[in-house]
Amino acid sequence: MKISQKIDRLTNSIANVKTKESFKTEVLPVKKSEIKKKDWDFDWHKEIASPERQVYKLVTLENPSIIHGLISLGDSGDVMIMHLIENSSFNKGRAKIYEGVAGNLVAYACKLSLEKGYDGYLIFVAKTRLIEHYKSKLGAIPFGRGNQMVIETQASLSLIKQYFPNENN
C-alpha cells in the first residue's frame, strides 16, 4: 500500500491549529476494540489482524481515550517498514484541529527502528504526488524501485530529536 498522509508541520508534539497550544503525546499499541471503522478511511481492523504488523495510536497525555492518528509498522529484521499511516478525521484537511500528528507517528517509527538496532532506517512506498513532499518534510530519499523511499539515520535522528527531545539518542 502506498503512503498518502501529508505531513502538515513538524512540531514538538501536536499543536492546536488555532491556538498553537502544544500537547504532550504518547504512542501506544492499539486494540481492535478501540477502532470504529466509520471514523477512518483505511481498514485498520485488517492491519491489526495481520501478524506481521503492529498498529500504534497517538494520544495526548491529557486525554488518552482520543486517538489522533494511527500507524502500521512491520519489522523486516533489519529495517522498520511503514505500511500505513492516517490522521483521525478531525485532524485532516483545512478544518483539522491538531497538526503534527503524522510527523509524530513517523518520528516514533524512526525511534523504534533506532531502539531495535536498525540505525533509525524506515522504509515506505509513497504516492507519486507526495515524493517531493516527503523529501522536504521528512528528509526521505528515493530507494530501490518505484516509489519506495527511506528515511536514513541522520534524517531519522532529526525527527526523533524534534518529537522526543528528552530522550538520549
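Mentor: Let's start with a rule: two strands pair if DSSP finds at least two bridges between them. Keep in mind that the model here is predicted.

Trainee: How do you know that β6 and β8 are paired, and which residue is the bridge partner of M80 in β8?

Mentor: Two bridges join β6 (residues 80–87) to β8 (residues 122–125). The rule asks for at least two, so the strands count as a pair. They run parallel, and M80 has L122 as its bridge partner.

Trainee: What makes β8 and β10 a pair?

Mentor: Here there are four bridges, and the rule needs at least two, so β8 and β10 (residues 148–151) pair as well. These strands run antiparallel, with F124 opposite M149 in β10.

Trainee: In the open sheet ordered β2-β1-β7, why are β2 and β7 said to stand at the edges?

Mentor: Each has a single partner strand, so one side of each is left without a neighbour in the sheet. The pairing in this sheet is antiparallel; β1 and β2 share two bridges, and I14 stands opposite F23 in β2.

Trainee: Why is the set that includes L73, V106, L122 and I151 called a nonpolar core?

Mentor: A core takes buried residues of types such as Leu, Val and Ile, joined through side-chain atoms within 4.5 Å, so these four belong to one. That core is the largest, with 36 residues, and nine of them come from α2, the largest share.

Trainee: What is I151 in contact with, beyond its neighbours within four places in sequence?

Mentor: Its contacts include V106, L122, F124 and L159.

Terms used. Residues are numbered from 1 along each chain as its sequence is written. This is a predicted model: local features need pLDDT of at least 70, side-chain atom pairs count only at pLDDT 80 or more; totals for chains, interfaces and linings use all residues. Side-chain values use heavy atoms; hydrogens and water are left out. Buried means under 20% relative accessible area, exposed over 50%, partly exposed in between (1.4 Å probe, protein chains only). Contact means heavy atoms within 4.5 Å.
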